[in-house]
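Please open the model in your viewer and keep the sequence panel visible. The tour proceeds from one selection to the next.

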Amino acid sequence: MADENEEKKEAAEAATAEAPAQPAKKKFPLKMIIIIVVAVIVVAGGAIGAITFLKGDKEGVEAKEAAATEEVEETASIGIPLETFILNLADKDRNKYLKISMELRVGSEEVKKEIDENMSKIKDIIVVYLSAKTFEEVKTVEGKLQLKAELMKRINSILKKGSVKELYFTEFVVQ
């Protein structure tokens, strides 16, 4: 019996010696695990970021629509064109002339009516203010913007029922 056991052992050893060695099971390398985990985190972060961005974009679109509605309401104003003014500027050393046309924008018919009733005062305000300006004061963009602001302020000072919302120069020539 001992001989039989020994023969079985020898046969088993011979079989294992003849059979090619099976490669040992490779362990998953630590580097590969880290790469996969980082990739999953990046993909998940990107998905969360995209969702957040798209939600924010939706809110931005709603805000833009609301702003557009307000703009339409504001542009639903009434324009009042004024006649063309031709004035001497206050330059002492040379004769300079200003030819200017304007349009006032108001928010209601009531304010338009008040402006029509006070048109003589408004024209006087414009003539007196502009004829006191020099060429140097009106030639720059900043000078023109200052003219607009000051004219609106002076015109609004006489109005009781509302105010001029915008003043536009439709013609501005200095000679």
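Begin by selecting residues 141-156, helix α6. At 1.5 Å a residue, its 16 residues should span 22 Å (1.5 Å times one less than the number of residues), and the end C-alpha atoms lie 23 Å apart, which agrees. Helices (H or I, at least four residues) and strands (E, at least two) are DSSP runs, numbered from the N terminus.

A word on the source is due here. This is a predicted model, in which local features need pLDDT of at least 70 and side-chain atom pairs count only at pLDDT 80 or more, while totals for chains, interfaces and linings use all residues. Residues are numbered from 1 along each chain as its sequence is written, and side-chain values use heavy atoms, leaving out hydrogens and water.

Within α6, select next G143, L147, L151, M152 and I155, the buried residues of this helix (buried means under 20% relative accessible area, exposed over 50%, partly exposed in between, with a 1.4 Å probe and protein chains only). Then add β3 (97-106), α4 (119-131), α5 (135-138) and β4 (164-174), against which those buried residues pack.

Move now to helix α2, residues 30-75, and pick V42. V42 is exposed, with a relative accessible area of 57%. Extend the selection to L30, I33, I34, V37, V38 and I41: together with V42 they make a nonpolar surface patch of about 660 Å².

Finally, display the whole protein. Its secondary structure comes to 6 helices and 4 strands, running α-α-β-β-β-α-α-α-α-β from the N terminus. Of its 175 residues, 22% count as buried.

Definitions and conventions
Patch = residues over 30% accessible without salt bridge, like charges linked within 9 Å, V, L, I, M, F, W, Y side chains within 5 Å. Areas by Shrake-Rupley, 256 points an atom, 1.4 Å probe, with all protein chains shown as cover. Salt bridge = Lys/Arg side-chain N within 4 Å of Asp/Glu carboxyl O. Contact = heavy atoms within 4.5 Å.
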